[in-house]
Amino acid sequence: MSLTLIALLGIMLLFLLILVQVPISFSMLIVGFVGIFYLSSFQSAVNMLTADLWNQLAGYTLSVILLFILMGELIYRSGMAQGMFNTAHNWVGHFKGGLALTTILASAGFSTISGSNSATAATMGTITLPELKRYGYDDKLSTGTVASGGTLGIIIPPSTVLIIFAIQTNQSIKQLFMASVIPSIILVALFLLLVVVITRWNPSLGPAVDKKPMKTRIQSLKDVLPIILLFLFVIGGLFIGWFTPTESAAFGSLGAFIITARRLNKEKILLAIASTLKTSSMVLFLIVGAVIFGRFLALTRLPFEASAWVESLDVPNLVILLAIILIFMIGGSLMDAMGFLIISIPIFFPIAMAIGYDPVWFAVLICIITSMGAITPPVGVNVFIVSGLRKDMSIVDIFKGTMYFLIPYAILISLLIMYPNIVKIFL
């Protein structure tokens, strides 16, 4: 049996295990271990689980994930996310579609300290969905805005997806964070523009609310100022070079604890720690599974064979890139987007490098496509989160609401392909 055939059988087995609801991390671990055992020896497979994994997990790099997640959890448990919504509401709520605009701005604000799309969607949904319903906003627009706004959590730094991508491809976390800033701003602006256009076209979908006095608007800024300062200190310090990524995450967690101390009690702190450990463990297990599965693919030489085959094709590189994008879109719509990303990086990243694409640009592009998977059917995780908050709506109707927001994604992806230097403005 050829090595390529073994690799393809391994990938088929992996997806079969996922289909029967074996967790993605364990599916990759099982297939990788069995594959290494078959290709080499049982002792080699065991050594992979001991020495190699220890080398991967013993460094400080992975602590970045835990510390940034803790920062977001502390802000969430403190209730300061409500302050973000209130402030945005005071400033833009009186425009047509103002509460939808508020939701997007608050989601973007929470994303700067969250790094997670599901956490952003759940937090903002809890706060905004009752308000959107109370003011008579269209249900599809409301739920679509919350679910789509949540996707900003893995694009705006500190993004857990970009951290994982950096670790898997040996890139700089700092560079990926810096590269994602301009695309993040563009996507937020496109989301806002979309809501403006929709509500101008049909004002009944998003009626305006009463305009707040200037004094009230200015006073509400005190609710978001600590978070803005924390973000500027943590991410700005990383960009300027004051901190390493690990130090930045540590200062972020410490800063979050300081600004939320008066709002937290013992129970909320324990909940934040427990949730941080749960989420971090899930991510770390995904990385463990990816390491073992990646070693198996390396033994089969599938990534190298695929790269060589792609290089030999007599087609423009853009065609190959569009094929990769399509695969990520389909994969992200059929399974958990982060899980598919971790599975596919060992295969497609070498191909992209072989045909000459910039690794930083490719990482940001794939991160954006991955985030889009959270709102595309049939497995849009953000849609299911919103569905849990709006039990009176069908999944189908919520997906219809998110379809509006695929337009900004398509525009951003097109811009990145046509003008790849967008990601290098801050590099």
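**Exercise 1. The chain as a whole**

What percentage of the 427 residues of the protein chain count as buried? Describe also the secondary structure and the overall dimensions of this predicted model.

*Solution.* Begin with burial: 53% of the 427 residues of the protein chain count as buried, where buried means a relative accessible area under 20%. Turn next to the secondary structure, which comes to 21 helices and 0 strands. For the dimensions, the C-alpha trace spans about 75 × 45 × 40 Å along its principal axes. A compact globule of 427 residues would have a radius of gyration near 22 Å, and the protein chain, with 22 Å, agrees with that expectation. Contacts give a further view of the fold: among those with a separation of 6 or more, 79% join residues 24 or more positions apart. Finally, the accessible surface comes to about 18400 Å², and carbon and sulfur atoms account for 69% of this area.

**Exercise 2. Charges and a pair within helix 4**

Determine how many positive and negative side chains the protein chain has, and work out where Arg77 and Glu73 lie and how they are paired.

*Solution.* Start with the count, which gives 23 positive and 16 negative side chains, with the centres of the two sets 12 Å apart. Side chains of opposite charge can pair when their charged atoms come close. In this model the count comes to 6 salt bridges, the cut-off being a side-chain nitrogen of Lys or Arg within 4 Å of a carboxyl oxygen of Asp or Glu. Arg77 and Glu73 meet this cut-off, since their closest N and O atoms are 3.2 Å apart. Both residues belong to helix 4 (residues 63–78), where they are 4 residues apart, about one turn of the helix. Their accessibility can then be compared with the burial classes: Glu73 is buried, with a relative accessible area of 11%, whereas Arg77 is partly exposed, at 23%. Beyond the residues up to four places away in sequence, Glu73 touches Ala272, Ser275 and Thr276.

**Exercise 3. Salt bridges at helix 7**

Identify the salt-bridge partners of Glu131 and Lys133, and explain which parts of the chain the second pair ties together.

*Solution.* Take Glu131 first: its side chain meets that of Arg134 in a salt bridge, at 2.9 Å from N to O. Glu131 and Arg134 both lie in helix 7 (residues 117–134), 3 residues apart, about one turn of the helix, and Arg134 counts as exposed at 56% relative accessibility. The side chain of Lys133, by contrast, meets that of Asp392, at 3.4 Å from N to O. Because Lys133 lies in helix 7 while Asp392 lies in the loop between helix 19 and helix 20 (395–403), this pair ties together parts that are 259 residues apart in sequence. As a last step, place the pair in its wider setting, a network of salt bridges that links Lys133, Asp139, Arg390 and Asp392.

**Exercise 4. The loop after helix 7**

Locate Tyr135, classify its exposure and list its contacts beyond its neighbours within four places in sequence.

*Solution.* Tyr135 is placed in the loop between helix 7 and helix 8 (139–150). With 30% relative accessibility, Tyr135 counts as partly exposed. Once the neighbours within four places in sequence are left aside, the contacts of Tyr135 are His89, Leu99, Pro207 and Val209.

**Exercise 5. Backbone features in loops**

Find where the cis peptide bonds from Pro157 to Pro158 and from Pro377 to Pro378 are placed, and describe the phi values of Gln21 and Arg301.

*Solution.* Consider the peptide bonds before the phi angles. The bond from Pro157 to Pro158 is cis, with omega near 5 degrees, and Pro158 is found in the loop between helix 8 and helix 9 (160–169). The bond from Pro377 to Pro378 is also cis, with omega near 5 degrees, and Pro378 belongs to the loop between helix 18 and helix 19. That loop, between helix 18 (359–372) and helix 19 (381–389), also holds Val379, which is partly exposed at 32% relative accessible area.

For the phi angles, Gln21 has a positive value near 70 degrees although this residue is not glycine. Gln21 lies in the loop between helix 1 (3–19) and helix 2 (24–39) and counts as exposed at 71% relative accessibility. Arg301, likewise a residue other than glycine, has a positive phi near 60 degrees. Arg301 lies in the loop between helix 14 (266–300) and helix 15 (302–312) and is partly exposed, with a relative accessible area of 42%.

Definitions and conventions
Residues numbered from 1 in each chain as written. Predicted model: local features only at pLDDT ≥ 70, side-chain atom pairs only at ≥ 80, totals over all residues. Heavy atoms only, no water. Helix = DSSP H or I, 4+ residues; strand = E, 2+ residues; numbered from the N terminus. Rg over C-alpha atoms; globule rule 2.2 N^0.38 Å. Buried < 20%, exposed > 50% of the residue type's maximum accessible area, 1.4 Å probe, protein only. Contact = heavy atoms within 4.5 Å. Areas by Shrake-Rupley, 256 points an atom, 1.4 Å probe, with all protein chains shown as cover. Lys, Arg positive; Asp, Glu negative; His and termini not counted. Charge placed at Lys NZ, Arg CZ, Asp CG, Glu CD.
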